[in-house]
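Dear colleague,

I am handing over the structure we spoke about, and below it you will find my notes on what was found in it. Could you please read them with the model open beside you?

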Amino acid sequence: MSKAQPTLLREELKRILALMVPLYLANLMNIGMGVIDTIVAGQAGTAELACVALGCSVTAPIMISVGAILSILGPMVSRLLGEGSESRIGLLLCNAKALAVGLMLLEAVLLFGGSCLFPYITDSPALADGAAGYLHYVMLAVPASLLMRVIQGCWEGYSQTRPAMIVCLLGLLANIPLDYACVFGLWGFPALGGAGCGLATALVHWLMAAALLALMLLSKEHRQHARSMLALRRPVLSSCRRIFRLGLPLGIASLCEMGFFCVATLIIAPLGELMVSAQQIAINVSGVLFMFPLSVGIAASIRAAFHVGARNEAAFHAMVRATMRFLYSVTLLLMAGTIIWRREIISLYTADPLVVATASPLLIYCALYQISDATQALMGGLLRGCHDTAIITWANLGSYWLLGFPLACILIRTDWLLPAMGPAGAWCSFIVGLTAAAAILYCRYRRTRRRIFTNTSSAF
């Protein structure tokens, strides 16, 4: 492609920022609920923090991966808009709702099965019971979380991300008092300890789903889509299959990635509560940092889908250029801040000096993989926008499980390559896995871009 005009680059950057900033704030507030869970559980004691950490190691990969199947809706809606087929959006959402019902049953079964694993993971009955209780309460949030995914797909497809930000702010504000009430037993709630964070999570998810649906029904632009989505009509199986076929690779890819991170916590579990608590804090910080490239990737997927639908090659390439410059500039700043203020960040979670000392080196590893993490998030978003999702599954499966997982097992618990590294070994394996995934997705993106626009020139 010829060099993009500066005006087009600025215009695309403005559109990406308009999409990304509310998404980023919404995602920050969303993961902020997990941060609050960790902080409140940490105030209840190291044992309660370990319960939440162990429970999250099962709930996070299952809920995120099943929900990720529906994350393809945003690019699908955006592509319909680019093609001028807005009238088909309501039917798409109705079929997505039918698919979500089936996914609810799958997710509930997986979560219940996961709760049965804890006695085999840890030798502490109290830790196993607390983690299982946390997971059982989180199961109540499943229908609300998947309904939110469907509604968000409509908003995101229209490049309207502020409603999600508003709702997530509402959820964050509600999560703080509910966490304290359920963990410590305030205002008539039972004192459930770490498991209470799970009940608070369920209550907040239902509140957020109701608010997001209300906003959609009140919107003149989306009211008809909401009514079509809620209508009791026979689903079109071919449409359900198409959503599932495009979304399943995203769900599997998320499971591969999240599962890899969470299984590392399970491998560390026998090393004791101190190591598990330090790992949970580092994973939590990593999740907060990831919200930035994730939000950029989602915004890029929506813009890419629109440009592909409209067959606007010049705007597509300008969007990629502008997005990459912005993404890597901010990522370098986040890396530096994480390293410089790592002890202050950890002190927000706990005042235990042993936990602070154990978690501090882990944040250095966390900072080191931010470039790879940003690259794989952006390339994955661009591929979603191009409806080329199968490769994301294979890239994550190979990078995290065929390469990263064996390396994690070796570095954490054995002296085969180096003296046993404990949690630090997990983070070394994260760096290797993420770098491999980023390289694979980048190569695939270049191939897909050429195929769609039949243009071999570089987008960079």
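Helices in these notes are DSSP runs of H or I with at least four residues, numbered from the N terminus. With that numbering, T375 belongs to helix 16, which covers residues 370–385. Please keep in mind throughout that this is a predicted model.

To begin with helix 16, its 16 residues should span 22 Å at 1.5 Å a residue, and the distance between its end C-alpha atoms, 22 Å, agrees with that. The helix is mostly covered, in that 15 of its 16 residues are buried. T375 itself is counted as buried because its relative accessible area is 12%, and the cut-off for that class is under 20%. When residues up to four places away in sequence are not counted, T375 touches Y328 and A438. After helix 16 comes H387, with a positive phi near 60°.

Helix 12, residues 273–310, deserves a longer look. Its 38 residues reach 54 Å from the first C-alpha to the last, which is close to the 56 Å expected at 1.5 Å a residue. There is nevertheless a kink of about 30° in helix 12 at M291, shortly before the proline P293. Helix 12 is mostly covered as well, with 31 of its 38 residues buried. The residue that follows helix 12 is R311, found in the loop between helix 12 and helix 13 (313–340). R311 is not a glycine, yet its phi is positive, near 55°. With a relative accessible area of 52%, R311 is therefore classed as exposed, the limit for that class being over 50%.

Helix 8 can be described in a similar way. It has 23 residues and reaches 34 Å from its first C-alpha to its last, close to the 33 Å expected at 1.5 Å a residue. In helix 8 a kink of about 30° lies at N175, shortly before the proline P177, and the helix is followed by G185, whose phi is positive, near 80°. On the other side, the loop between helix 7 (142–157) and helix 8 (162–184) holds S159. Although S159 is not a glycine, it has a positive phi of about 60°. S159 is partly exposed, with a relative accessible area of 33%.

As you may want to look at open space in the model, I turn next to the largest pocket. About 380 Å³ of space lies in it, and 21 residues form its lining, with P61, I62, S65, L110 and L255 lying nearest the centre. The elements that give two or more residues to this lining are helix 2 (46–68), helix 4 (89–115) and helix 11 (237–268). Of these, helix 11 gives the most, with nine residues. Sorted by class, the lining has 16 nonpolar residues and five polar ones, and no charged residue is part of it.

Two further positions may be worth examining in the viewer. The first topic is L99, which has its place in helix 4. L99 is buried, with a relative accessible area of 13%. Leaving aside neighbours within four places in sequence, L99 is in contact with L70, C240, I243 and F244. The C-alpha atoms of L99 and S239 are separated by 9.6 Å, although these two residues are 140 residues apart along the chain.

The other topic is G404, which lies in helix 17, residues 390–413. G404 is buried, with a relative accessible area of 0%. Not counting residues up to four places away in sequence, G404 touches F260, S399 and S429. The C-alpha atoms of G404 and T393, eleven residues apart along the chain, are separated by 15 Å.

With kind regards

How values were computed:
Residues are numbered from 1 along each chain as its sequence is written. This is a predicted model: local features need pLDDT of at least 70, side-chain atom pairs count only at pLDDT 80 or more; totals for chains, interfaces and linings use all residues. Side-chain values use heavy atoms; hydrogens and water are left out. On a 1 Å grid over the protein atoms alone, a cavity is a set of points where a 1.4 Å probe fits but cannot get out, and a pocket is an open set with protein on both sides within 12 Å along at least five of seven lines; lining residues have an atom within 4 Å of a point. Grid points are joined across faces, edges and corners, and a volume is the space filled by probe spheres set on the points. Ala, Val, Leu, Ile, Met, Phe, Trp, Tyr, Cys and Pro count as nonpolar, Asp, Glu, Lys and Arg as charged, and the others, Gly among them, as polar. The expected span of a helix is 1.5 Å times one less than its number of residues. The bend at a residue is the angle between axes fitted to the seven residues ending there and the seven starting there. Buried means under 20% relative accessible area, exposed over 50%, partly exposed in between (1.4 Å probe, protein chains only). Contact means heavy atoms within 4.5 Å.
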